[in-house]
Amino acid sequence: MILSSAGAVAHSPFRIDKLRARLAGVDAAVTGLTAHFIHVIETTRELTPQERTQLDGLLGPGAGNVAWPPDDDGRVLLVVPRAGTISPWSSK
């Protein structure tokens, strides 16, 4: 089973405003922008509510506080590592 959870905000409000302004220069239809870390977790079974709460606590501040996938009409762009990339966390 694959779980996904939005994590903490990825950029400061200043950085988001700067990125939004650049994107609006490319496409005037861009009116908003958010950036969050997304955690993808593989489990062998569905987690209990208590386990999910504990997992969100381990993932750090903000984990589980944002709907993922988003339920609005906006577009989602995921930026992910290249296939085959080994994370420094993989050995921890």
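1. Exposure terms. A residue is called buried under 20% relative accessible area, exposed over 50%, and partly exposed in between. Val76 has 45% relative accessibility, so Val76 counts as partly exposed. The model is a predicted one. Please read every value below with that in mind.

2. Nonpolar surface patch. Val76 sits in the segment after α2, a helix that spans 49-59. Val76 also belongs to a nonpolar patch on the surface. The other members are Ile2, Ile38, Val40, Leu78 and Val80. Together with Val76 they make a patch of about 570 Å². Membership of a patch requires over 30% relative accessible area. Val76, at 45%, is therefore above that cut-off.

3. The largest pocket. How much space lies in the largest pocket? The volume is about 1600 Å³. Its lining counts 35 residues. Nearest the centre of the pocket lie Thr34, Ala35, His36, Leu77 and Leu78. Leu78 thus appears twice in this note: near the pocket centre and in the nonpolar patch.

4. Where the lining comes from. Three elements each give two or more residues to the lining of the largest pocket: β1 (2-9), α1 (13-26) and β2 (36-42). Which of them gives the largest share? The answer is β2, with 5 residues. By residue class, the lining holds 22 nonpolar, 8 polar and 5 charged residues.

5. Salt bridges, overall. Side chains of opposite charge can pair when their charged atoms come close. How many salt bridges does a search of the whole structure find? The count is 3. They are taken one by one in the next three points.

6. Arg20 and Asp17. These two side chains meet in a salt bridge, at 2.2 Å from N to O. Both residues are in helix α1. They are about one helical turn apart, because 3 residues separate them in that helix. Arg20 is partly exposed, at 25% relative accessibility. Asp17 is also partly exposed, at 41%.

7. Arg45 and Glu51. Here the closest N and O atoms of the salt bridge are 2.6 Å apart. Arg45 has a relative accessible area of 43%, so Arg45 is partly exposed. Glu51 has 25%, and is partly exposed as well.

8. Arg52 and Asp56. In this salt bridge the closest N and O atoms stand 3.7 Å apart. The cut-off for a salt bridge is 4 Å, so this pair falls within the limit. Both residues are in helix α2. Being 4 residues apart there, Arg52 and Asp56 are separated by about one helical turn. Are the two partners buried or exposed in part? Arg52 is partly exposed, with a relative accessible area of 24%. Asp56 is buried, because its relative accessible area is 16% and the limit for buried is under 20%.

9. Ser12 and His36. Ser12 is found in the loop between β1 and α1. Its relative accessible area is 39%, so Ser12 is partly exposed. Along the sequence, Ser12 and His36 are 24 residues apart. In space, their C-alpha atoms are 11 Å apart. His36 is also one of the residues nearest the centre of the largest pocket.

10. Gly64 and Val9. Gly64 lies in the segment after α2. At 39% relative accessibility, Gly64 counts as partly exposed. Gly64 and Val9 are 55 residues apart along the chain. Their C-alpha atoms are separated by 11 Å.

11. Ile86 and Val30. Ile86 is another residue in the segment after α2. Is Ile86 buried or exposed? Ile86 is exposed, because its relative accessible area is 67% and the limit for exposed is over 50%. Ile86 and Val30 are 56 residues apart in sequence. From C-alpha to C-alpha, they are 34 Å apart in space.

Notes:
Residues are numbered from 1 along each chain as its sequence is written. This is a predicted model: local features need pLDDT of at least 70, side-chain atom pairs count only at pLDDT 80 or more; totals for chains, interfaces and linings use all residues. Side-chain values use heavy atoms; hydrogens and water are left out. Patches are made of residues with over 30% relative accessible area and no salt bridge: like charges are joined within 9 Å, nonpolar side chains (Val, Leu, Ile, Met, Phe, Trp, Tyr) within 5 Å. Accessible areas come from the Shrake-Rupley method with a 1.4 Å probe; for residues, only the protein chains shown count as cover. Buried means under 20% relative accessible area, exposed over 50%, partly exposed in between (1.4 Å probe, protein chains only). On a 1 Å grid over the protein atoms alone, a cavity is a set of points where a 1.4 Å probe fits but cannot get out, and a pocket is an open set with protein on both sides within 12 Å along at least five of seven lines; lining residues have an atom within 4 Å of a point. Grid points are joined across faces, edges and corners, and a volume is the space filled by probe spheres set on the points. Ala, Val, Leu, Ile, Met, Phe, Trp, Tyr, Cys and Pro count as nonpolar, Asp, Glu, Lys and Arg as charged, and the others, Gly among them, as polar.
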